[in-house]
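Subject: The structure we talked about

Hi,

Here is the structure I promised to pass on. Have a look at it first, then read on for what turned up.

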Amino acid sequence: MATIGEHAVVLGASMGGLLAGRVLSDYFDNVTLVERDVLPDSPAQRRGVPQGRHAHGLLSGGLQALARLFPGLPEELAADGATVLAGTDLSLVSLTLGGHTLSLDGEPSKPIESYLASRPFLEAHVRDRVRAIDNVHILDGHDAVELLMDDTRRVTSVLVADRNGGPGRAIAADLIVDAMGRAGRTPAFLESAGFGRPAEDRIAVAVAYSSQLLRFAGNTPRDRLTLVGPVPERPYGGSLFAYEDDTWLLTTAGMNGHEPPGDLPGMIDFVAEFMAPELVESLRGAQPLGPVATFRYPASVRRRYERMVRFPDGLLVFGDAICSFNPVYGQGMSVAALEALALRDCLDRGADDLGRRFLRAAAGCTNTAWQMASGADLALPEIPGRRPASIRVSNWYTQRVLTAAEDDPVVTEAFFRVMNLVDPPSRLLHPSIVRRVALGASRRRRSGQPAHAKPAVAVPH
Ligand SMILES: Cc1cc2nc3c(=O)[nH]c(=O)nc-3n(C[C@H](O)[C@H](O)[C@H](O)COP(=O)(O)OP(=O)(O)OC[C@H]3O[C@@H](n4cnc5c(N)ncnc54)[C@H](O)[C@@H]3O)c2cc1C
């Protein structure tokens, strides 16, 4: 039952586009997803998502949002082989953030789950769900070339071109959504149409990734997820994820010009500096599956569409096209899932002023994740950028939270829930947590250790 219009078109059918399409299908008679790649029928890497070869963590808040958009999806992921960590299994997660190793031993007081699976596996499951929606049509192998407007300056159609050649054609729609990722052309379109460009927040993180898919013949690591984040004197780190089908992904990442090696022996030597010797030993015996993949990510970019004075009707922007987060914090897919829920709320309230309402709501979904990521980036002295007092104070407190978390499972759990976008950051300022954080710091002082170690992850102020 359409309540908003006849036709919505989503440009891009990666995670962002699929999630937007899912929501729009409840409010429009027909939804068309235009995707440049020819989409595979099963989990497979593809050209338009080169990041799919690198570690992709789904935060628990993102998983919960996906479950609301696609009831039963987590169960399907589990049945098809995703690694599921819940309850005491969370002790199989080893997180070292800002130089502090967190302990997730013991049963959490409130349920929280972590699902580990490769990016192609996750995207294929979401895509299958979207393909099964009757009023959604996927036009793959087609490029979105240009947005077109009518005399009232409303966006009314998009020009698309078949990548196999043939004439371009215009597809008319009541609503068009740019989900073409960080390279999306909406800023250039808005400028040429006289609306101006959105302001941008940008942090030049210069992240370089090398990743290798592996299988262990024996000597399988105990922990299903190991993550060691960067610290100021070592702006690089790495992770090892247990994925579906007994595969594991080793990802090494450097920031600000620190390039990890592009070969497996070199990557193992690289992580030997900061991962446990027995894990490094296991890695030396692992069998590589395919070649090492590399990726360079110059800067996190947040486009402030919500601050534009004028924005055309008939157009929305979604996912990475709004905000591309430093990938080392694993936030993009989860924020896209939260944006999809926000879009649903906005559509529930009708079509009036939809663009402005959604872009504001999406900014709300983005804020926490952006502040966490940018705070952590700016805690590294190597990363250029202004550090206002709010960031310095929040980084100062985060160091103390992480210090306390090393020995206090209550603080660890609170931090884990905030980092996973399940609880708001204000949870870490609850008097019961503040008290424990202060106790942790004084415990450290008594034992002669500094209360703070290395700031490299931050909670928003
Ligand atoms: C190295 C790396 C690691 C990451 N790790 C994580 C992680 O651990 N956890 C996490 O949650 N997120 C991670 N992300 C971010 C995550 O991949 C994105 O947030 C997520 O894919 C949602 O993005 P999107 O769909 O908006 O855009 P994208 O995934 O970039 O997809 C854009 C889509 O648009 C299509 N397209 C582009 N131009 C056109 C056109 N002209 N016409 C038609 N189609 C077009 C592309 O083919 C593609 O399918 C990572 C990103 C990178 C770069």
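The shell around the ligand is a mix: 14 of its residues are polar, 10 are nonpolar and seven are charged. Before you go further, keep in mind that this is a predicted model. In total, 31 residues surround the ligand. If you want to find the spot quickly, click on the closest ones, which are Ser 14, Glu 35, Arg 119, Asp 320 and Met 333.

Now zoom in on the oxygen atoms of the ligand. One ligand oxygen sits 2.7 Å from an N or O atom in the side chain of Arg 119. With Gln 51, it is again a side-chain N or O atom, at 2.9 Å from an oxygen of the ligand. Met 333 uses its backbone instead: a polar backbone atom there is 2.7 Å from a ligand oxygen.

How much of the ligand's accessible area does the protein cover? On its own the ligand has 1000 Å² of accessible area, and the protein covers 94% of that. Several elements give two or more residues to this shell, namely helix H1 (15-24), strand S2 (28-35), strand S8 (142-149) and helix H8 (332-348).

There is another place to visit, the second largest pocket. The space in there comes to about 350 Å³. Its lining has 22 residues, and nearest the centre you will find Gln 45, Gly 52, Arg 53, Leu 213 and Leu 249. By type, the lining splits into 10 nonpolar, nine polar and three charged residues.

Which elements supply at least two residues each to that lining? They are helix H4 (119-131), strand S13 (207-215) and strand S17 (287-297). S17 has the largest share, with five residues.

And where does this pocket lie relative to the domains? Domain 1 (5-73 + 120-201 + 300-373) and domain 3 (206-297) both contribute residues to the lining, so the second largest pocket lies between them. Try colouring those two domains and you can check that for yourself.

Cheers

Methods
Residues numbered from 1 in each chain as written. Predicted model: local features only at pLDDT ≥ 70, side-chain atom pairs only at ≥ 80, totals over all residues. Heavy atoms only, no water. Near = heavy atom within 4 Å. Polar contact = N/O pair within 3.5 Å; in protein donor to acceptor, adjacent residues only side chain to side chain. Areas by Shrake-Rupley, 256 points an atom, 1.4 Å probe, with all protein chains shown as cover. Helix = DSSP H or I, 4+ residues; strand = E, 2+ residues; numbered from the N terminus. Nonpolar A, V, L, I, M, F, W, Y, C, P; charged D, E, K, R; others polar. 1 Å grid on protein atoms, 1.4 Å probe; cavity = no way out; pocket = protein on both sides within 12 Å on 5 of 7 lines; lining within 4 Å. Points joined across faces, edges and corners; volume = space filled by probe spheres on them. Domains from an automatic or database assignment.
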